Amino acid sequence: MSDTTASPTPTPTAAARGRGLRTALRVVQVLLAVFFAVASALPKLVAHSSASGTFAEMGWGDAGMYTIGVLELAGAVALLVPVLQSVAATALSALMVGAFVVQLTCFGGENAATPLILMVPLLAVARARRGHNEELRRLVRARGRRG
């Protein structure tokens, strides 16, 4: 007697799916870090004419431009440090809220969608990596007791 039922197609295990999701999330983090470091912070930190002109138009000048550039670069680096990932994504999201408001109020909403689009993956990273927040709290408390 032969078995006429076809064996079902193997489905990925939960572990394999989880590994795939973690890999995808890591790729998103690296892409965000590269974007914030190279495309966003670098023009501000080297005072590229596009950045300095924009900040001058807003009335923020060089100090505002360099400050935002440093915050973006710090966030980009922190996105790659496991214990800081969630906090970095949250902080960059807050920076994007500010960018959205600036786009609306100073530039008539011309590029207002860009910060909102960036917030989607940033908030996904913040949520997915929120488990690291307790570890960060523990490290900060331990350092506070020592110093």
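In this predicted model, Q29 touches L79, L80, Q85, V125 and R129, not counting residues up to four places away in sequence. Q29 lies in helix α1 and is buried, with a relative accessible area of 0%. The protein as a whole has six helices and zero strands. The radius of gyration is 21 Å, well over the 15 Å that the globule rule gives for 147 residues, so the protein is more spread out than a compact globule.

**Overall form**

- Read from the N terminus, the order of elements is α-α-α-α-α-α.
- Along the principal axes, the C-alpha atoms fill a box of roughly 85 × 50 × 25 Å.
- Of the contacts with a separation of 6 or more, 65% are between residues 24 or more positions apart.

**Surface, burial and charge**

- Buried residues account for 29% of the 147 residues.
- The exposed area of the protein is about 9,400 Å², and 66% of it comes from carbon and sulfur atoms.
- The protein has 14 positive and 7 negative charges, and the mean positions of the two sets are 16 Å apart.

**Helix α2**

- Helix α2 spans residues 49-58, and A51, F55 and M58 are buried in it.
- These buried residues cover an arc of only 60° around the axis, which puts them on the same side of α2.
- An α-helix has 3.6 residues a turn, so residues three or four places apart point the same way.
- The face turned away from the buried side of α2 carries the exposed residues S49, A56 and E57.
- Cover for the buried residues of α2 includes α1 (14-45), α3 (61-78) and α4 (85-107).
- G59, just after α2, takes a positive phi of about 90°.

**Two residues of helix α4**

- V102 lies in helix α4.
- Is V102 buried or exposed? V102 counts as buried because its relative accessibility of 15% is under the 20% cut-off.
- Leaving out residues up to four places away in sequence, V102 touches M58, W60 and F107. Of these contacts, M58 is one of the buried residues of α2.
- The C-alpha atoms of V102 and A112 are 8.3 Å apart in space, and the two residues are 10 apart in sequence.
- L104 is also found in helix α4.
- L104 is partly exposed: its relative accessible area is 44%, and the partly exposed class lies between the 20% and 50% cut-offs.
- Which residues does L104 contact, leaving aside its neighbours within four places in sequence? They are G109 and A112.
- A112 therefore appears twice here, as a contact of L104 and as the residue whose C-alpha atom is 8.3 Å from that of V102.
- L104 and A124 are 20 residues apart along the chain, with their C-alpha atoms separated by 24 Å.

Terms used. Residues numbered from 1 in each chain as written. Predicted model: local features only at pLDDT ≥ 70, side-chain atom pairs only at ≥ 80, totals over all residues. Heavy atoms only, no water. Helix = DSSP H or I, 4+ residues; strand = E, 2+ residues; numbered from the N terminus. Rg over C-alpha atoms; globule rule 2.2 N^0.38 Å. Buried < 20%, exposed > 50% of the residue type's maximum accessible area, 1.4 Å probe, protein only. Contact = heavy atoms within 4.5 Å. Areas by Shrake-Rupley, 256 points an atom, 1.4 Å probe, with all protein chains shown as cover. Lys, Arg positive; Asp, Glu negative; His and termini not counted. Charge placed at Lys NZ, Arg CZ, Asp CG, Glu CD. Arc of directions from axis to C-beta.
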